[in-house]
Every structure is written in structure tokens, then in C-alpha cells.
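Colleague: I'm new to this structure and would like a close look at just one part of it. Please take the pocket, and then tell me about the surroundings that help me make sense of it.

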Amino acid sequence: MSKRGNTEEWAQYVRELGELIKGVRESRNLSQERVAFASGLAKYTFQRIEKGLSNKNEPANPTLLTLVAIANTLEVPLGKILPPRELPELDLVYDGHPSP
């Protein structure tokens, strides 16, 4: 994972992401296994996303494709599983000018 994604702010964000995914999944009475399979993920990988962790116990960094697949499986818009706040560290990545 890049240095910019390995911050406490990012760790908190992906924990919240996982909690939102879990909440939607449970509200639909779906198992982790069922959502993982329908999203094209291994059950273990999906479990780690719900916990906000990568396979190396670092903050998770799921791809957009993975998040879209999960949202589609849960039949919700992508925004429903994304924490409703901006990430200050993203200002470092893009401040109106391409990063070097």
C-alpha cells in the first residue's frame, strides 16, 4: 500500500466502509459467503473488507471494481456503502493539479 493510504485517517475510513457494508448486508439477511461469491470475491477477502483490513492486517484498500461489485450485489448505489465524508489525505493526492 502506498504511504499516503497508510494513515490513521484512512484506517478509520475503511473501518467505517466495512461497517456500512456489513450493515447493509445484515439488513438484507445475506451471509458473507453469499455476498462474497456474488461479488466475485473469496469469503476471506470479503470478511477482511468488512473489518477494514487487508490480508496483511494493514488498512484495506479495495479497488473501485470491488466496491462496485459489492454495491451491485447488495442492490444499493455505491454511495450507500461509502462513508459520507471527505478524506483530508486526498487533498495531498490532487489539489487541482496532477501530482508529480
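**The pocket and its surroundings**

Modeller: Let's start with the space itself: the largest pocket holds about 160 Å³. There are 14 residues lining this pocket, and the closest to its centre are Thr-45, Ile-49, Ser-54, Asn-61 and Pro-62. Keep in mind that we're looking at a predicted model. Sorted by class, the lining comes to seven nonpolar residues, six polar ones and one charged one. Helix 3, residues 43-51, gives the most to the lining, with three residues.

Before we go into helix 3, here's the overall setting. The protein chain has five helices and zero strands, and read from the N terminus its elements go α-α-α-α-α. The chain has 100 residues, of which 35% count as buried. If you take the contacts with a separation of 6 or more, 64% of them come from residues 24 or more positions apart.

Now for helix 3. Its buried residues are Phe-46, Arg-48, Ile-49 and Glu-50, and they pack against helix 1, helix 2 and helix 4. You've met Ile-49 already, as one of the residues closest to the pocket centre. Glu-50, also in helix 3, is a good one to click on. Its relative accessible area is 8%, and it counts as buried because the cut-off is under 20%. Leaving out residues up to four places away in sequence, Glu-50 touches Gly-18, Glu-19, Ile-21, Lys-22, Arg-25 and Gln-32.

Just past the end of helix 3, Gly-52 has a positive phi of about 80°. From there, have a look at Asn-55, in the loop between helix 3 and helix 4. Asn-55 has a relative accessible area of 52%, and it counts as exposed because that is over 50%. Its C-alpha atom is 7.4 Å from that of Thr-45, though the two are ten residues apart along the chain. Thr-45, remember, is among the residues closest to the pocket centre. Asn-55 also touches Tyr-44 and Arg-48, if you don't count residues up to four places away in sequence.

Asn-57 belongs to the loop between helix 3 and helix 4 too. Although this residue is not a glycine, its phi is positive, near 60°. With 56% relative accessibility, Asn-57 is exposed.

That brings us to the partners that helix 3 packs against, and helix 1 is worth some time. Helix 1 covers residues 8-27. What length should you expect for it? At 1.5 Å a residue, its 20 residues should span 28 Å, and the end C-alpha atoms are indeed 28 Å apart, so the two values agree. The buried residues in helix 1 are Trp-10, Ala-11, Tyr-13, Val-14, Glu-16, Leu-17, Gly-18, Ile-21, Val-24 and Arg-25. Their cover includes helix 2 (32-39), helix 3 and helix 4 (64-74). Gly-18, Ile-21 and Arg-25 should ring a bell, since they're among the residues that Glu-50 touches. After helix 1 comes Asn-29, with a positive phi near 55°.

Helix 1 also carries an aromatic pair. The count for this model is one such pair. The ring centres of Trp-10 and Tyr-13 are 5.6 Å apart and the planes are at 25°, so the pair is stacked; planes under 30 degrees apart get that label. Along helix 1, Trp-10 and Tyr-13 are three residues apart, so about one helical turn separates them. Both Trp-10 and Tyr-13 are buried.

One last stop, on the far side of helix 4 in sequence: Glu-75 sits in the loop between helix 4 and helix 5, residues 90-93. Glu-75 has a positive phi of about 60° although it isn't a glycine, and at 67% relative accessibility it counts as exposed.

To retrace the route, begin at Thr-45 and Ile-49, among the residues closest to the pocket centre. Then follow helix 3 to Glu-50, and cross from Glu-50 to its contacts, including Gly-18 and Ile-21, which are buried in helix 1.

Conventions:
Residues are numbered from 1 along each chain as its sequence is written. This is a predicted model: local features need pLDDT of at least 70, side-chain atom pairs count only at pLDDT 80 or more; totals for chains, interfaces and linings use all residues. Side-chain values use heavy atoms; hydrogens and water are left out. Rings of Phe, Tyr and Trp (its six-membered ring) pair if their centres lie within 6.5 Å; planes under 30 degrees apart count as stacked, over 60 as edge-to-face and the rest as tilted. Helices (H or I, at least four residues) and strands (E, at least two) are DSSP runs, numbered from the N terminus. Buried means under 20% relative accessible area, exposed over 50%, partly exposed in between (1.4 Å probe, protein chains only). On a 1 Å grid over the protein atoms alone, a cavity is a set of points where a 1.4 Å probe fits but cannot get out, and a pocket is an open set with protein on both sides within 12 Å along at least five of seven lines; lining residues have an atom within 4 Å of a point. Grid points are joined across faces, edges and corners, and a volume is the space filled by probe spheres set on the points. Ala, Val, Leu, Ile, Met, Phe, Trp, Tyr, Cys and Pro count as nonpolar, Asp, Glu, Lys and Arg as charged, and the others, Gly among them, as polar. Contact means heavy atoms within 4.5 Å. The expected span of a helix is 1.5 Å times one less than its number of residues.
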